[in-house]
Amino acid sequence: MDCRDARLHCLFASWMSLRGGRAIPDRSALDCAAISSLLPYVWICRLAAETGRFPFRLAGDEIRWLLGRPVSGAHADDLLPNIAGSINATLTAVLHQPAVCYFRGLLPHADLFSVEAETLALPLADGDHATTVLAATIFAWPSTRASSQAAFAAQPGPMLIPVSAL
């Protein structure tokens with residue numbers, strides 16, 4: 001894992017320690033104190049099985065500020081309509097493969113403004129089923145804010161690492 005931000009390394013290490021002998025740690029084992037420096041950037045989505053969508057269960061202060069509107073209960077694809085298909089496919093893969101997802105690059109924001117982001121998304125289980133995505137997104141405004149659709153299309157997509165490979 002080539003995370004640039006040390007807090008994402010901390011999140012990954014915490015998740016790995018929660019696994020024990022399991023492929024995916026149980027959601028109830030999550031210890032927010034272990035990732036306290038990262039909490040403003042943390043977000044949690046849980047798969048709604050009946051719709052296949054991902055409503056936010058929690059978002060830290062920095063994530064709520066970035067999105068600029070209430071987050072709790074809102075669906076990821078509604079909050080990020082520019083990348084709705086990609087985000088749903090990625091979150092689904094995190095749970096169904098299961099896999100760890102890492103992304104570093106530009107995220108589209110309003111009116112083709114963009115933010116430079118680094119995201120780590122990790123699956124959590126309820127019993128034997130992966131149901132929840134624990135993630136953190138560290139972001140910064142780039143020096144030039146306007147980005148073309150071509151810039152978004154040209155960048156590499158999220159990297160998925162199967163949990164079985166860890």
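# Worked exercises on a predicted model

Gly 20, which comes just after helix α1, takes a positive phi of about 60°. Helices here are DSSP runs of H or I with at least four residues, strands are runs of E with at least two, and both are numbered from the N terminus. Most residues other than glycine have a negative phi, and most peptide bonds are trans.

The model is predicted: local features need pLDDT of at least 70 and side-chain atom pairs count only at pLDDT 80 or more, while totals for chains, interfaces and linings use all residues. Residues are numbered from 1 along each chain as its sequence is written, and side-chain values use heavy atoms, with hydrogens and water left out.

## Exercise: the chain as a whole

Task. State the secondary structure content of the chain and the order of its elements, and give the share of buried residues.

Solution. Begin with the elements: the chain has 5 helices and 6 strands. Read from the N terminus, their order is α-β-β-α-α-α-β-β-β-α-β. Next, take burial, where buried means under 20% relative accessible area, exposed over 50%, and partly exposed in between (1.4 Å probe, protein chains only). Of the 166 residues in the chain, 45% are buried. Finally, consider contacts, defined as heavy atoms within 4.5 Å. Among contacts with a separation of 6 or more, 59% are between residues 24 or more positions apart.

## Exercise: helix α1

Task. Compare the expected span of helix α1 with the distance between its end C-alpha atoms, and determine how its buried residues are placed around the axis.

Solution. The expected span is 1.5 Å times one less than the number of residues. Helix α1 covers residues 6-19, so its 14 residues should span 20 Å, and the end C-alpha atoms are indeed 20 Å apart. Now list the buried residues of α1: Leu 8, Leu 11, Phe 12, Ser 14, Trp 15 and Arg 19. These residues lie on the same side of α1, because they cover an arc of only 160° around the axis; the arc is that of the directions from the helix axis to the C-beta atoms. The face turned away from this buried side carries the exposed residues Ala 6 and Ser 17.

At the start of α1, Asp 5 places a side-chain oxygen within 2.8 Å of the backbone nitrogen of Arg 7. Arg 7 itself belongs to helix α1 and is partly exposed, at 26% relative accessible area. Apart from neighbours within four places in sequence, Arg 7 is in contact with Ser 37, Leu 38, Tyr 41 and Ile 138.

## Exercise: aromatic pairs

Task. Count the aromatic pairs, then classify the pair Phe 12 and Trp 15 and the pair Trp 43 and Phe 56.

Solution. Rings of Phe, Tyr and Trp (its six-membered ring) pair if their centres lie within 6.5 Å; planes under 30 degrees apart count as stacked, over 60 as edge-to-face and the rest as tilted. This rule yields 4 aromatic pairs. For Phe 12 and Trp 15, the ring centres are 6.1 Å apart and the planes stand at 25°, so the pair is stacked. Both residues lie in helix α1, 3 residues apart, about one turn of the helix, and both are buried.

For Trp 43 and Phe 56, the centres are 5.7 Å apart and the planes stand at 50°, so this pair is tilted. Trp 43 is in strand β1 (residues 42-46) and Phe 56 in strand β2 (residues 56-59), so the pair ties together parts that are 13 residues apart in sequence. Trp 43 is buried at 8% relative accessibility, and Phe 56 is buried at 4%. In addition, Tyr 41, Trp 65 and Phe 139 form one aromatic cluster.

## Exercise: Asp 26

Task. Locate Asp 26, decide whether Asp 26 is buried or exposed, and identify its contacts.

Solution. Asp 26 sits in the loop between α1 and β1. Its relative accessible area is 18%, so Asp 26 is buried. A polar contact of 2.6 Å links its side chain to that of Ser 28. A polar contact is a pair of N or O atoms within 3.5 Å; within protein, one must be able to donate a hydrogen and the other to accept it, and residues adjacent in sequence count only if both atoms are side-chain atoms. Beyond neighbours within four places in sequence, Asp 26 is in contact with Ala 125, Asp 126 and Gly 127.

## Exercise: cysteines and a cis peptide

Task. Report the number of disulfides and locate the proline of the cis peptide bond between Gln 97 and Pro 98.

Solution. With a disulfide taken as a pair of cysteine sulfur atoms within 2.5 Å, the whole structure contains 0 disulfides. Cys 45 is buried at 0% relative accessible area, and Cys 101 is buried at 5%. The peptide bond joining Gln 97 and Pro 98 is cis, with omega about -25°. Pro 98 lies in the loop between α4 (84-96) and β3 (99-108).
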